[in-house]
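Let's take a walk through this structure together, one stop at a time. Have a look at it first, and then we'll start with a question.

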Amino acid sequence: MDGKAAFHVLHLLETPRIGIAKVYAILDMANSYAMSLSDFLYKPSSLKEVLNDSQIDAFLALEDKTRQIWDDLEEKGVQLVPVTDDNYPERLRTLLGKKAPPLLMVQGNTDLLKKLSVGFCGSRKASPKGIATAKDCAVQLAREGVNIVSGYAAGIDMATHLAALECGGTTTLVLCEGILNFSIKREIKDLWDWERIAVVSEFLPGLPWNAHNAMQRNRTICALSAAMILIEAGNTGGSIEAGRTCLRMGVPLFAPVYEGMPESAVGNRELLQQGAYSLLKNRRTGRANMGTMLSVIKGKVPDSKKKNDFHEIETLETDQLSLFDSRKDYSPKNKCKRQES
């Protein structure tokens, strides 16, 4: 970790009226002058090319406060990873460009930031069918060494974090609040293992939860993931917006196809029509068929598997695949044992 750069980026972000765009402008200008960020920030003549006098005054006045926040983060074991650091996820730089978080705050295993990952999103009030499907997918991926990324919310998020840990896999929790507000929830406490978990926040350390943060957090989950699985989405809200964000980014999106679409999953139909891959059930095993998903994240995309017409998916009849239905939903049993999918 580049400690000096991390401190200076934190200092900038803590300064009122200095947002992400300004931080990137400063980084670019320091680079153009072949100067370290530290040298650039404390050379008034260069800093005035980017900030006005009131911004400079506010920046200089906040150094002590930033130092206290830095100490609080260090005490909690938080590592700061600036966008200039080699440990910063390349997927964020590539997919988000100058909208990528200039600073990530991480507790736990920072190596997970660069591990092959699949993201999950879905309703906080998912149906039992959706929860079972989410767990099944997460278990199968975790057994293949894939890191599971989600947003640490109730419902689908928590189900997938738990499923990964129960099988000895790894998981990344992406917060929609400052990392100093993070606490380990009761339902995951018994499985907690800092070697297999990364807790990530892109927000100011003391920032509380809000809806805008949640939307921004979902964008980061999409960018960290080689593919996303959207278990259930309504026609409005954060889950369907996360799915739309994936499609705009070009991140492969998978959505289960249900028989008798539950109300909590009506958004799946829209996303399947717009280009999401269909996630179907293997008739032989009764489990989610992850073959296409594994091919996609390993760079082998079978175009014939991609279905853009929901009606074509809905009537698909083969001896291998079928829709998820209410009569024969997968209920995880002995789910930590390797099973053929």
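Which residues of helix 5 (residues 53-61) are buried? In this predicted model, they are Gln55, Ile56, Ala58 and Phe59. Seen down the axis of helix 5, these buried residues fall within an arc of 165°, so they line one face of the helix. Go round to the other side of helix 5 and you'll find Asp57 and Ala61, which are exposed.

What do the buried residues of helix 5 pack against? There are several partners: helix 1 (3-14), helix 2 (20-32), helix 3 (37-41), helix 4 (44-47) and helix 6 (63-75).

Two of those partners, helix 1 and helix 6, are worth a stop of their own. Their axes come within 10 Å and cross at roughly 120°. An angle over 145 degrees would count as roughly antiparallel, and 65 to 115 as roughly perpendicular; helix 1 and helix 6 are therefore oblique to each other. As for the handedness, helix 1 passes helix 6 in a right-handed crossing.

Who meets whom where these helices touch? Helix 1 brings Gly3, Ala6, Phe7, Leu10, His11 and Glu14, while helix 6 brings Glu63, Lys65, Thr66, Arg67, Ile69, Trp70 and Leu73. Sorted by class, the contact of helix 1 with helix 6 has six nonpolar, three polar and four charged residues.

Just after helix 1 comes a residue with a backbone quirk. Arg17 lies in the loop between helix 1 and helix 2, and has a positive phi of about 70° although it is not a glycine. Is Arg17 buried or exposed? Its relative accessibility is 57%, and the cut-off for exposed is over 50%, so Arg17 counts as exposed.

Now jump along the chain to Tyr152, in the loop between strand 4 (147-150) and helix 9 (156-166). Tyr152 isn't a glycine either, yet has a positive phi of about 65°. Here the surroundings tell another story: Tyr152 has a relative accessible area of 6%, and since buried means under 20%, Tyr152 is buried.

Another loop residue to look up is Asn109, found between strand 2 (103-108) and strand 3 (117-121). Is Asn109 buried or exposed? With a relative accessible area of 16%, Asn109 is buried. Leaving aside residues up to four places away in sequence, Asn109 touches Trp194, Glu195, Ile197 and Ala198.

Next, find Ala132 in helix 8 (residues 128-143). Ala132 is buried too, with a relative accessible area of 13%. How far apart are Ala132 and Arg287 in sequence and in space? Along the sequence they are 155 residues apart, but from C-alpha to C-alpha the distance is 9.8 Å.

Finally, step back and take in the whole protein. How many helices and strands does the secondary structure come to? The count is 15 helices and 11 strands. Of the 341 residues of the protein, 55% count as buried; Ala132, Asn109 and Tyr152 are among them. And if you look at contacts between residues at least 6 apart in sequence, 74% join residues at least 24 apart.

Notes
Residues are numbered from 1 along each chain as its sequence is written. This is a predicted model: local features need pLDDT of at least 70, side-chain atom pairs count only at pLDDT 80 or more; totals for chains, interfaces and linings use all residues. Side-chain values use heavy atoms; hydrogens and water are left out. Buried means under 20% relative accessible area, exposed over 50%, partly exposed in between (1.4 Å probe, protein chains only). Helices (H or I, at least four residues) and strands (E, at least two) are DSSP runs, numbered from the N terminus. The arc is that of the directions from the helix axis to the C-beta atoms. Contact means heavy atoms within 4.5 Å. Axes are lines fitted to C-alpha atoms, for helices over the stretch in contact, and angles run from 0 to 180 degrees between N-to-C directions. Angles under 35 degrees count as roughly parallel, over 145 as roughly antiparallel, 65 to 115 as roughly perpendicular and the rest as oblique. A crossing is left-handed if the near helix is turned anticlockwise from the far one by less than a right angle, and right-handed if clockwise. Ala, Val, Leu, Ile, Met, Phe, Trp, Tyr, Cys and Pro count as nonpolar, Asp, Glu, Lys and Arg as charged, and the others, Gly among them, as polar.
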